[in-house]
Amino acid sequence: MTRTVYVNGDYLPEDEAKISIFDRGFLMADAVYEVTSVLDGKLIDFEGHAVRLKRSLDELDMAEPCSKDELLEIHRKLVELNEIDEGLVYLQVTRGSDGDRDFVFPSAETPPSIVLFTQNKPGLADSPAAQKGAKVISIEDIRWGRRDIKTVQLLYPSMGKMMAKKAGADDAWMVEDGFVTEGTSNNAYFVKGNKIVTRPLSNDILHGITRAAVLRLADELQFEIEERKFTIDEAKQADEAFTTSASAFVMPVIEIDGAQLGDGTPGPVAKRLREIYLEESRKTAI
Ligand code: PMP
């Protein structure tokens, strides 16, 4: 089955979809994105992603390509056309193109470009990776200072994933001034006793949609939540650790820089939060 994608108002077979070579998303990474997961053919936390998209666009003075209702309709249509039961919807909005390359932004009348496509991921919820748990390494965080804006500047996170792979691990946690910021594509946490520790929201990290939901659920489950900076050494000595993201939900972490956490298998808190997050997400999916 050929995938149907969405480009600037049209639903097209993926090999017929086109974007200008002058598009600022392509030339300057002048673009923002969102990834929304799909379970049972329904969108998880669409509202959260739509609100964050609007915030990213506002922070960069970029025009909204369409209304929230239209965005929802496009998401739903792509899920339906591509028969996605479990998977992801990727959305990217760029500042568009006025037909040349220039550091100066094009005029405000230049329409943004909008692209959406689906990724079919059967077994996303029952992922073997989550059953096994992830090994992470620490790397220096050398990204720009506005990580709260979800831009497509993903070269360094991508390099971080490759560094992890090369080291025999699954992912990397980034460290700035001695403190963990976040994972290459997820928010980072450790658990000690009844306490869950994660870095507070600021411009230093992405304000994860999954983070907000998981912290709310953890609070309801009577965990103590401490939003503060933490070091790799502290995380290494924790009972367990995990990450959250829309594409991997709650992912247990079983090793940090070669140090095994607990018995080297996913911890009970991460497993429980994953189960409850999936259960609640399925209930509120649209
Ligand atoms: N931090 C970074 C750097 C990310 O790329 C992501 C995933 N896009 C997250 C955190 C998690 O955010 P969310 O839960 O909204 O997917």
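1. A residue counts as near the ligand if one of its heavy atoms lies within 4 Å of it. By that criterion, 17 residues surround the ligand. The closest are Arg 52, Lys 150, Glu 182, Thr 210 and Ala 246. Note that this is a predicted model.

2. Three side chains deserve a look for their polar atoms. One such atom of Arg 52 lies 2.8 Å from a ligand oxygen atom. Thr 210 also places a polar side-chain atom by an oxygen atom of the ligand, at 2.6 Å. Glu 182 faces a nitrogen atom of the ligand instead, with a polar side-chain atom 2.7 Å from that nitrogen.

3. Burial of the ligand comes next. Taken alone, the ligand exposes 390 Å². The protein buries 92% of that area.

4. Now the pockets. The largest pocket holds about 750 Å³ of space. Its lining comprises 37 residues. Nearest the centre of this pocket lie Tyr 33, Lys 150, Leu 154, Thr 184 and Ser 185. Lys 150 is thus listed here and also among the residues closest to the ligand.

5. Which elements give two or more residues to the lining of the largest pocket? The strands are β3 (31-39), β5 (87-94), β6 (113-120), β9 (179-183) and β13 (240-245). The helices are α2 (46-59), α5 (155-166) and α6 (209-220). Of these, α5 gives the most, with five residues.

6. The lining of the largest pocket draws on both domains. Domain 1 (4-120) and domain 2 (128-284) each contribute at least three residues. By residue class, this lining divides into 14 nonpolar, 15 polar and eight charged.

7. The second largest pocket has a volume of about 500 Å³. It is lined by 24 residues. Closest to its centre are Ser 127, Ala 129, Ser 247, Ala 248 and Met 251. The lining splits into ten nonpolar, eight polar and six charged residues.

8. Where does the lining of the second largest pocket come from? At least two residues each are supplied by α4 (128-132), β7 (134-140), β13 and β14 (249-256). The largest share comes from α4, with three residues. Strand β13 deserves a second look: it gives two or more residues to the lining of the largest pocket and at least two to that of the second largest.

Key. Residues are numbered from 1 along each chain as its sequence is written. This is a predicted model: local features need pLDDT of at least 70, side-chain atom pairs count only at pLDDT 80 or more; totals for chains, interfaces and linings use all residues. Side-chain values use heavy atoms; hydrogens and water are left out. On a 1 Å grid over the protein atoms alone, a cavity is a set of points where a 1.4 Å probe fits but cannot get out, and a pocket is an open set with protein on both sides within 12 Å along at least five of seven lines; lining residues have an atom within 4 Å of a point. Grid points are joined across faces, edges and corners, and a volume is the space filled by probe spheres set on the points. Helices (H or I, at least four residues) and strands (E, at least two) are DSSP runs, numbered from the N terminus. Ala, Val, Leu, Ile, Met, Phe, Trp, Tyr, Cys and Pro count as nonpolar, Asp, Glu, Lys and Arg as charged, and the others, Gly among them, as polar. Domain bounds come from an automatic or database domain assignment. A polar contact is a pair of N or O atoms within 3.5 Å; within protein, one must be able to donate a hydrogen and the other to accept it, and residues adjacent in sequence count only if both atoms are side-chain atoms. Accessible areas come from the Shrake-Rupley method with a 1.4 Å probe; for residues, only the protein chains shown count as cover.
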